[in-house]
Amino acid sequence: MKKSLTWSLTAVTCATLALGTALPAQASTSPAGATVSGPSARVVPAGSTLSAQGRATLDSIIAQLPADWQARRDAAVARAHIEHSPAREVLDRSVANAIDPGDYVCNPTPLDGYVDQILSGVDNDSLITLALAGVLDFPTYEAIFYGSPKDPDFALPAAYAGTLTTTFGYAQRFWDVKLEDIQLMAMHGEMTVDVARMTRMVKLFYGLDDAKAVKLARQLVGIVRSDPGLRNGRNPIFTLNAFAFSAQGETDPLFRGIKDKMVFGDGILDALKALGLNAVGPKAVLGHEMAHHVQFEDNLFVSDLTGPEATRRTELMADAFGSYFATHTKGLNLAPNALLQVTKTFYDVGDCQFTSPGHHGTPNQRQAASSWGIAVAASGDPLKVLPSLRLDAKFERVLPQLVASDAPKVPAVPAA
Ligand SMILES: [Zn+2]
């Protein structure tokens, strides 16, 4: 069963940004409950509306699309099991085992402020239009369907290539499962100003013929280019995630031949740098993503949990495994100061979307899972790496503690 998982940031932005109610909800969840959210979920300020000119532009785009364009867009997204928008889950009362927000301390992290900042100079019309057309997710899907480590369009950024490649090699050799066939690559928002690449994505999402696809791609590229805040695609919002993808066991012919992947967006690397986590953050994220590949190989996505609780379990496990790898002498063997940065990285990307199947855990929970992984490595045999299934068994025992209520309780007042 294929799954794709993102490192990130499901709801990071949902505290401050949410899809307006006029916009169509779009969401999908993989059968295992492993979900990903693309950036479009987080870019449309609640209650915002298009200007008259913006509406005219959007209308002209919709006129070029097939009548069922929203269903096609959602299907394109669903095929990769990438969950798009937490908006529907927020509204969807049928989400099983919804977690009680009253049980938890949960506040915005510095990443929320970062997202506000990168969107502050972006025109509202272009943001809504690109989100609806699926363009904010095009870099992610392009990397899944067409990305290759040998293709310069997906090359790791020079400033990170050495660190990521080295860390990736360590992580592949660290675990007791087969990880050597995973491809490491990057995604870059500049694809949104490349007509040929945008044409390919428009065809993939909407099934347009060549002429129509080129025409629409040109218009979409024009929108990106005309908004200085989008910086010709270099605004981090286009690539604010990293993810693990596996098509293992997939029967959909669309996925035939797609290799296992780990993809880093420029945007998440920019974000980590802005948060003061440049030295260690990318390594921590890589450790987390490789843990998802361990989960694929060990079939650890299967559990009794569903919905947000299922995602929270696998995400906190990835934080714990990634931190174990970062700490262990056979892994990255990071110094104590760097390990503090690892826990801060996971804290900063925690979210408060308790009802979303994309819920990754609160900042406190993610920090706690990371600290637990560090402690297991630091207190264990420095010469022996635990088998991944043994580490999982330990994790499953500690999970209830990691997700226990941390909200202060007001004691009941005894009757007079
Ligand atoms: Zn993850």
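**Exercise 1. Determine what share of the contacts between residues at least 6 apart in sequence join residues at least 24 apart, and set this beside the overall make-up of the protein.**

Solution. Contact is taken to mean heavy atoms within 4.5 Å. Among contacts between residues at least 6 apart in sequence, 81% join residues at least 24 apart. The model is a predicted one, in which local features need pLDDT of at least 70 and side-chain atom pairs count only at pLDDT 80 or more, while totals for chains, interfaces and linings use all residues. Residues are numbered from 1 along each chain as its sequence is written, and side-chain values use heavy atoms, with hydrogens and water left out. The secondary structure comes to 15 helices and four strands, where helices (H or I, at least four residues) and strands (E, at least two) are DSSP runs numbered from the N terminus. Of the 416 residues, 58% are buried, a term that stands for under 20% relative accessible area, with exposed meaning over 50% and partly exposed in between (1.4 Å probe, protein chains only).

**Exercise 2. Identify the residues that coordinate the zinc ion, and place them in the secondary structure.**

Solution. Donors are N, O and S atoms within 2.8 Å of the metal (3.2 Å for Na, K and Ca), and sites may look incomplete, as water is not among the atoms. The zinc ion is coordinated by NE2 of H288, NE2 of H292 and OE of E315, at 2.0 to 2.1 Å. Along the sequence, these donor residues follow the spacing H-x3-H-x22-E. Because H292 lies in helix α11 and E315 in helix α12, the pair ties together parts that are 23 residues apart in sequence. Both H292 and E315 are buried.

**Exercise 3. Describe how α11 and α12 pack, and then follow the loop between them.**

Solution. Two packed helices are described by the angle between their axes and the distance between the axes. The axes of α11 and α12 come within 7 Å and cross at roughly 115 degrees; axes here are lines fitted to C-alpha atoms, for helices over the stretch in contact, and angles run from 0 to 180 degrees between N-to-C directions. On the α11 side the contact includes G287, H288, A291 and H292, which meet residues of α12 including T314, E315, A318 and F325. The residues of this contact divide into six nonpolar, six polar and two charged, with Ala, Val, Leu, Ile, Met, Phe, Trp, Tyr, Cys and Pro counted as nonpolar, Asp, Glu, Lys and Arg as charged, and the others, Gly among them, as polar.

The loop between α11 (281-298) and α12 (307-327) holds T306, and N299 lies in that loop too. N299 has a positive phi of about 60 degrees although it is not a glycine. T306 counts as partly exposed, at 35% relative accessibility, and its C-alpha atom is separated by 8.3 Å from that of P357, 51 residues apart along the chain.

**Exercise 4. Establish which residues of helix α2 are buried, and how they are arranged around its axis.**

Solution. In α2 (residues 69-79), the buried residues are W69, R73, A76 and V77. Seen down the helix axis, they fall within an arc of 95 degrees, so they line one face of α2; the arc is that of the directions from the helix axis to the C-beta atoms. These buried residues pack against α1 (52-64), α5 (124-132), α6 (138-146) and α8 (195-206).
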